[in-house]
Amino acid sequence: MSVAQLLSAATKLLDQAYVPYSHFPVGAALLTTDDQIITGCNIENASYGLTNCAERTAIFQAVAQGHRDFKALLVTGVTDEVISPCGACRQVISEFCTPEMPVYLTNQNQQVAKMTVQELLPGAFDAEDLDHD
Ligand SMILES: O=c1ccn([C@H]2C[C@H](O)[C@@H](CO)O2)c(=O)[nH]1
Ligand SMILES: [Zn+2]
């Protein structure tokens with residue numbers, strides 16, 4: 001499975017994005033460890049803060065389908081520079097993906113930046129931080 005295939009899958013999701021407020025479509029493609037691609041788009045809401053980003057849509061869709069193990073995520077937008085996941089998505093990515101997993105930040109001009117989950121959110125709050133006593 002190549003980055004080009006993930007980019008192609010995420011690009012298709014730009015057409016599904018529900019973006020009546022921002023007119024800023026985003027697509028994401030998540031690769032499971034058994035080589036399935038699960039995609040997502042951003043889904044906005046008149047109550048703006050309820051918007052779900054493409055990255056979280058892809059992760060939630062994958063989890064709802066029974067997937068828990070992932071090996072890559074790609075996000076794309078119609079942007080001059082590669083798109084950068086918001087803080088909420090970085091936290092959700094950290095919940096389900098290993099610190100070393102690659103995340104490809106791309107745009108529709110064939111630009112690709114490779115980062116890791118750990119680089120996107122160093123010091124993420126995780127299950128161990130819930131320990132007390
Ligand atoms: O990485 C990103 C950045 C932004 N958005 C969405 C949220 C909102 O619908 C629109 C503008 O912020 O783009 C994503 O889906 N992913
Ligand atoms: Zn986000």
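User: Which class sorting applies to the shell around ligand 1, and how many nonpolar residues does the shell have?

Analyst: Ala, Val, Leu, Ile, Met, Phe, Trp, Tyr, Cys and Pro count as nonpolar, Asp, Glu, Lys and Arg as charged, and the others, Gly among them, as polar. Keep in mind that this is a predicted model. Among the 15 residues around ligand 1, the nearest are Ser-22, Val-26, Asn-42, Cys-53 and Ala-54. Sorted by class, the shell has three polar residues, two charged ones and, for the nonpolar class, 10.

User: Is Glu-55 buried or exposed?

Analyst: UniProt, in an unreviewed entry, lists Glu-55 under "active site", and the residue sits in helix H2. Beyond its sequence neighbours within four places, its contacts include Ala-28, Leu-73 and Cys-89. The cut-off for burial is 20 or more other C-beta atoms within 10 Å. Glu-55 has 28 of them, so it's buried.

User: Cys-86 is one of the residues under "binding site" in UniProt; is Cys-86 buried, exposed or partly exposed?

Analyst: That unreviewed annotation also takes in Cys-53 and Cys-89, and the three cluster in space, with a largest C-alpha distance of 8.4 Å despite a spread over 37 residues of sequence. Cys-89 is in helix H3 and, with 25 C-beta neighbours inside 10 Å, counts as buried. Cys-86 lies in the loop between E3 and H3. It has 13 such neighbours, so it counts as partly exposed.

User: What arc do the buried residues of helix H1 cover around the axis?

Analyst: The buried residues of H1 are Leu-6, Leu-7, Ala-9, Ala-10 and Leu-13. They're on the same side of H1, because the arc they cover is only 165°.

How values were computed
Residues numbered from 1 in each chain as written. Chains lettered and ligands numbered in written order. Predicted model: local features only at pLDDT ≥ 70, side-chain atom pairs only at ≥ 80, totals over all residues. UniProt positions renumbered as here; feature names shortened; annotations may be inferred. Helix = DSSP H or I, 4+ residues; strand = E, 2+ residues; numbered from the N terminus. Buried ≥ 20, exposed ≤ 12 C-beta atoms within 10 Å, placed from the backbone. Contact = placed C-beta atoms within 7 Å. Arc of directions from axis to C-beta. Near = placed C-beta within 6 Å.
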